[in-house]
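Q: Please take a close look at one residue in a helix and the partners that residue meets across the chain. Then set that picture beside other places in the fold, moving from the local surroundings to the chain as a whole.

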Amino acid sequence: MIRTVSPNPNRANFGRCSACAVRSLSICGALDQNDLAEFERFARHVQLTPNEALFTAGQAARSVHSLTAGVARLYKLLPDGRRQVIGFALPGDFLGTAPSDRYCYSADAIDSVSVCRLSREAFAHFIGQRPHFLIRINEFASRELMLAQEQMLLLGRRTAEEKVASFLVGWRERLAHIGDERQTIALPMSRQDIADYLGLTIETVSRTLTRFEREKMLIIVAGGVRLLDSTRAAAMAAA
């Protein structure tokens, strides 16, 4: 069950948002202390356990969400029941914006996830009073468009090996962007998730990773992989 922690409107120091570890990466990075205090007045801090839904496609889009911890899975279900994973959200990502009054995709937690949930109406009013904040929103929208274009390329004419290599290199870059530059590339998502993202079967993903390990491009470790030949992986990703 989703747990919501409501802020105390009488609290003088709105410290939760000021102390947020991913504030500089999120939409809130453009806010000064006064705006941040106002922002926290209508923000609700929500915690989800693995596989809990944040929202589902077709549900009334009453809220937007800023991910502050964990990894979320974004997906659509096809008419025949198949699932297409369209992305993975990391801390700092902004979720739930919709061109209509209903969500066009579903989002759920892969591991333990925390988000700031914002009423769509209150958020629209907040933006309307702060035109400079629109620049930050546009930056996030542009990044989302870029990721969608990369996903289209990934699902296009690339081989299975190129797809898996591209995913690993791209995911490593995204982890580095949020400060995770460990040698091991953490993969909290399942191989089925990766397969559904790349348009492959789980067997193909597993075989490809095993082949990469056999060819000493990487080592499969608990919770992820460790790249041994980053140059080769990058070359395959750029193909």
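A: Once neighbours within four places in sequence are left aside, Glu-38 is in contact with Phe-126 and Arg-130. The model is a predicted one, and what follows should be read with that in mind. Glu-38 itself sits in helix H2, which runs over residues 33–42. The contact with Phe-126 bridges 88 residues of sequence, and the C-alpha atoms of Glu-38 and Phe-126 are 8.6 Å apart. Glu-38 is classed as partly exposed because its relative accessibility of 32% falls between the 20% limit for buried residues and the 50% limit for exposed ones.

A second pair of C-alpha atoms gives a useful counterpart, since Ala-37 also falls within the 33–42 range of H2. Ala-37 and Gly-92 are 55 residues apart along the chain, and their C-alpha atoms are separated by 18 Å. Gly-92 belongs to the loop between strand S6 and strand S7, the latter spanning residues 94–95. Although this is a loop position, Gly-92 is buried, because its relative accessibility of 2% is under the 20% limit. Apart from neighbours within four places in sequence, the contacts of Gly-92 are Val-22, Leu-25, Ser-26, Leu-67, Phe-140 and Arg-143. Of these partners, Phe-140 and Arg-143 fall within the range of helix H4, residues 133–154, while Leu-67 falls within strand S4, residues 63–69.

Strand S4 also holds Ser-66, which is likewise buried, with a relative accessible area of 2%. Setting aside residues up to four places away in sequence, Ser-66 touches Ser-26, Asp-93, Phe-94, Ser-114, Val-115 and Cys-116. Ser-26 therefore appears in the contact lists of both Ser-66 and Gly-92, where a contact is a pair of heavy atoms within 4.5 Å. Phe-94, another partner of Ser-66, falls in strand S7.

Cys-116, one of the residues that Ser-66 touches, leads on to the cysteines. No disulfide turns up in a search of the whole structure. For Cys-20, the nearest cysteine sulfur is that of Cys-116, and it lies 6.3 Å away. This pair is not a disulfide, because the two sulfur atoms would have to be within 2.5 Å. Cys-20 counts as partly exposed, its relative accessibility being 25%, whereas Cys-28 is buried at 9%.

Helix H4 leads in turn to helix H6, since H4 is among the elements that cover the buried residues of H6. The same cover includes strands S5 (72–77) and S6 (83–89), as well as helices H5 (160–177) and H7. Helix H6 spans residues 191–198, and because 6 of its 8 residues are buried, the rest of the structure largely encloses it. The buried residues are Asp-193, Ile-194, Ala-195, Asp-196, Tyr-197 and Leu-198. In an α-helix, with 3.6 residues a turn, residues three or four places apart point the same way. After H6 comes Gly-199, which has a positive phi near 75°.

Positive phi values also occur at residues other than glycine. Asn-51 has a phi of about 75° and lies in the loop that connects strand S2 (43–48) to strand S3 (53–55). Lys-216, with a phi near 60°, is placed in the loop between helix H7 (202–214) and strand S11 (218–221). Asn-51 is exposed, with a relative accessibility of 58%, and Lys-216 is exposed as well, at 61%.

These sites belong to a chain whose secondary structure comes to 8 helices and 12 strands. Of the contacts between residues at least 6 apart in sequence, 72% join residues at least 24 apart, and the contact of Glu-38 with Phe-126, across 88 residues, is one that spans such a separation. The radius of gyration is 19 Å, which agrees with the value near 18 Å expected for a compact globule of 239 residues. Taken along the principal axes, the C-alpha atoms fill a box of roughly 60 × 40 × 35 Å. Buried residues account for 44% of the chain, and the accessible surface is about 12,400 Å², with 53% of it belonging to carbon and sulfur atoms. As for charge, the mean positions of the 30 positive and 25 negative charges are 2 Å apart.

Conventions: Residues numbered from 1 in each chain as written. Predicted model: local features only at pLDDT ≥ 70, side-chain atom pairs only at ≥ 80, totals over all residues. Heavy atoms only, no water. Helix = DSSP H or I, 4+ residues; strand = E, 2+ residues; numbered from the N terminus. Rg over C-alpha atoms; globule rule 2.2 N^0.38 Å. Buried < 20%, exposed > 50% of the residue type's maximum accessible area, 1.4 Å probe, protein only. Areas by Shrake-Rupley, 256 points an atom, 1.4 Å probe, with all protein chains shown as cover. Lys, Arg positive; Asp, Glu negative; His and termini not counted. Charge placed at Lys NZ, Arg CZ, Asp CG, Glu CD.
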